[in-house]
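Please open the model in your viewer and keep the selection panel at hand. The stops below follow one another, and each says what to select and what is to be found there.

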Amino acid sequence: MSKPDSDQKHVVAAAPDLSSSAVSGDRIELMQTFVRIVEAGSLSAAAAQMGMTQPTISRRLQALERSLGLRLLQRTTHAMRLTVDGERCYERARELLGSWAAFESDLRGAGDEPEGILRVVAPHAFGQERLVRPLADYLKRYPRMSVEWLLHDDRSIQDYIAAGIDCAIQVGEVTDPGLVAIRLSEVPRIVVAAPDVLNGAPPPGTARELAALPWLALRTFYRNEVSLKHLATGAVERVPITPRFSTDSLYALRSAALLGLGACVGSAWVLADDLASGQLIHLTPEWQAAALPVSLVYPYARFYPARLRCFIDIMRQAMPGVLAGAAVV
């Protein structure tokens, strides 16, 4: 709906010259701030993601609204929503920022050194051990970069943009169609238990015999049943279990197994040292759970910044060594 003539005259008179120093920050920065506010869901969340104060974010939003002569957001104490003009501005701003980033990249060339902050989500076990070395290589190679290394096992961060996440390392199948998934490797999984679990009895000879043991569950991947495949024949056996202990942490699962609470299916690389020392026994070695894919995922976009492209390259090169020697047969 068009504004009355008197309102339009008032807006024109109130709008400052876009080249004036009265506008806090250049227009690209103002649009970047506006887009981040919308995608973060609030001014305070945008401020946290951008490392600024909320008053600074608010001033930038007001400066953009003044420069355009439009109200972009309607805010109350409990909610924030885009106006009709704000919706149009958001879509056009995203397009413009993507084009501007691509323009800068083309001018600077592919060899441009990344700078800024990379926000990455990784599983606890991988994130604390196997991925730290390639992460260190990334930071040493690109000294103008810093990384926020966020560890989560439940893969619950669905809205990467709103959370300010650049990418994530995920173990397991990637089912979100809104994410690009680059397969990096696979994690072999095996059945193990502490010797005490057997109570002096011989180890189970078949997959079906495993059901008689007390069990632990890694609820991220299995809860009441484990599916095992025979390495030689390809036969699949589904083993029903009643877990005494369930967790979403691979480390907690390993600790419970070492204490003799039950058998479990776990990642071979985590359990290899315990098997070598005899603290755990590899049960039915001819039967294994399906290997889990390891993927680097990130949202689809028209342009990917140098900080992300360089991180992807390093992870692709490093992953074969990260899981070297993980298979235990």
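Begin with the cysteines, keeping in mind throughout that this is a predicted model. Select Cys 89, which is buried, with a relative accessible area of 13%, and then Cys 264, which is also buried, at a relative accessible area of 1%. A disulfide requires two cysteine sulfur atoms within 2.5 Å, and by this rule the count comes to zero disulfides.

Now show the whole protein chain as a cartoon, where 11 helices and 13 strands can be traced. Of the 329 residues in the protein chain, 42% are buried. If contacts with a separation of 6 or more are considered, residues 24 or more positions apart account for 73% of them.

**Strand β7 and its partner**

Select residues 215-218, which make up strand β7, and look at its two faces in turn: Trp 215 and Ala 217 lie on one side, Leu 216 and Leu 218 lie on the other, and all four are buried, so that both faces are covered. Add strand β10, residues 243-247, which runs parallel to β7 and is joined to it by four bridges. To place the pairing at the level of residues, pick Ala 217, whose bridge partner in β10 is Ser 246.

**Helix α9**

Move on to helix α9, residues 250-258, and colour its buried residues, Leu 250, Tyr 251, Leu 253, Ala 256 and Ala 257. What do the buried residues of α9 pack against? They pack against the two strands just visited, β7 and β10, as well as against α6 (124-128), β11 (264-267) and α10 (268-277). At the N-terminal end of the helix, select Ser 249, which caps α9 with a side-chain oxygen that lies 3.3 Å from the backbone nitrogen of Tyr 251. Then go to the other side of the helix in sequence, where Gly 260, just after α9, takes a positive phi of about 80°.

**Ser 267 in β11**

Within strand β11, select Ser 267, which is buried, with a relative accessible area of 10%. Leaving out residues up to four places away in sequence, Ser 267 touches Val 187, Pro 188, Arg 189 and Leu 250, the last of these being one of the buried residues of α9. Draw a C-alpha to C-alpha distance from Ser 267 to Pro 188, and the viewer should give 6.0 Å for two residues that are 79 residues apart in sequence.

**The nonpolar cores**

The largest nonpolar core has 66 residues, and the members to select are Phe 126, Trp 215, Tyr 222, Leu 296 and Phe 311, which touch the most other members. Apart from this core lies another, of 21 residues, among them Phe 34, Val 38, Ala 40 and Ala 63. Return to Phe 126 and display its surroundings: not counting residues up to four places away in sequence, Phe 126 touches Leu 131, Val 171, Val 187, Trp 269, Val 294, Val 322 and Leu 323.

**Aromatic rings**

Four aromatic pairs are present in the structure. In one of them, Phe 126 and Trp 269 are stacked, with 5.2 Å centre to centre and 20° between the planes. Because Phe 126 lies in helix α6 and Trp 269 in helix α10, this pair ties together parts that are 143 residues apart in sequence. Both Phe 126 and Trp 269 are buried.

Next select Tyr 298 and Tyr 304, whose rings form an edge-to-face pair, 5.1 Å centre to centre and with 80° between the planes. Is each of these two residues buried or partly exposed? Tyr 298 is buried, with a relative accessible area of 8%, whereas Tyr 304, at 22% relative accessibility, counts as partly exposed. Finally for the rings, select Tyr 138, Tyr 142 and Phe 311, which together form one aromatic cluster; Phe 311 is among the core members named above.

**Val 239 in β9**

For the last stop, select Val 239 in strand β9, residues 236-240, where Val 239 counts as buried at 1% relative accessibility. Leaving aside neighbours within four places in sequence, Val 239 is in contact with Ala 207, Leu 210, Ala 211, Asn 224, Glu 225, Val 226 and Leu 228. Of these contacts, take Asn 224 for a distance: Val 239 and Asn 224 are 15 residues apart in sequence and 8.6 Å apart in space, C-alpha to C-alpha.

Methods:
Residues are numbered from 1 along each chain as its sequence is written. This is a predicted model: local features need pLDDT of at least 70, side-chain atom pairs count only at pLDDT 80 or more; totals for chains, interfaces and linings use all residues. Side-chain values use heavy atoms; hydrogens and water are left out. Buried means under 20% relative accessible area, exposed over 50%, partly exposed in between (1.4 Å probe, protein chains only). Two strands pair if DSSP finds at least two bridges between them. Contact means heavy atoms within 4.5 Å. A polar contact is a pair of N or O atoms within 3.5 Å; within protein, one must be able to donate a hydrogen and the other to accept it, and residues adjacent in sequence count only if both atoms are side-chain atoms. A nonpolar core is a set of buried Ala, Val, Leu, Ile, Met, Phe, Trp, Tyr and Cys residues joined through side-chain atoms within 4.5 Å. Rings of Phe, Tyr and Trp (its six-membered ring) pair if their centres lie within 6.5 Å; planes under 30 degrees apart count as stacked, over 60 as edge-to-face and the rest as tilted.
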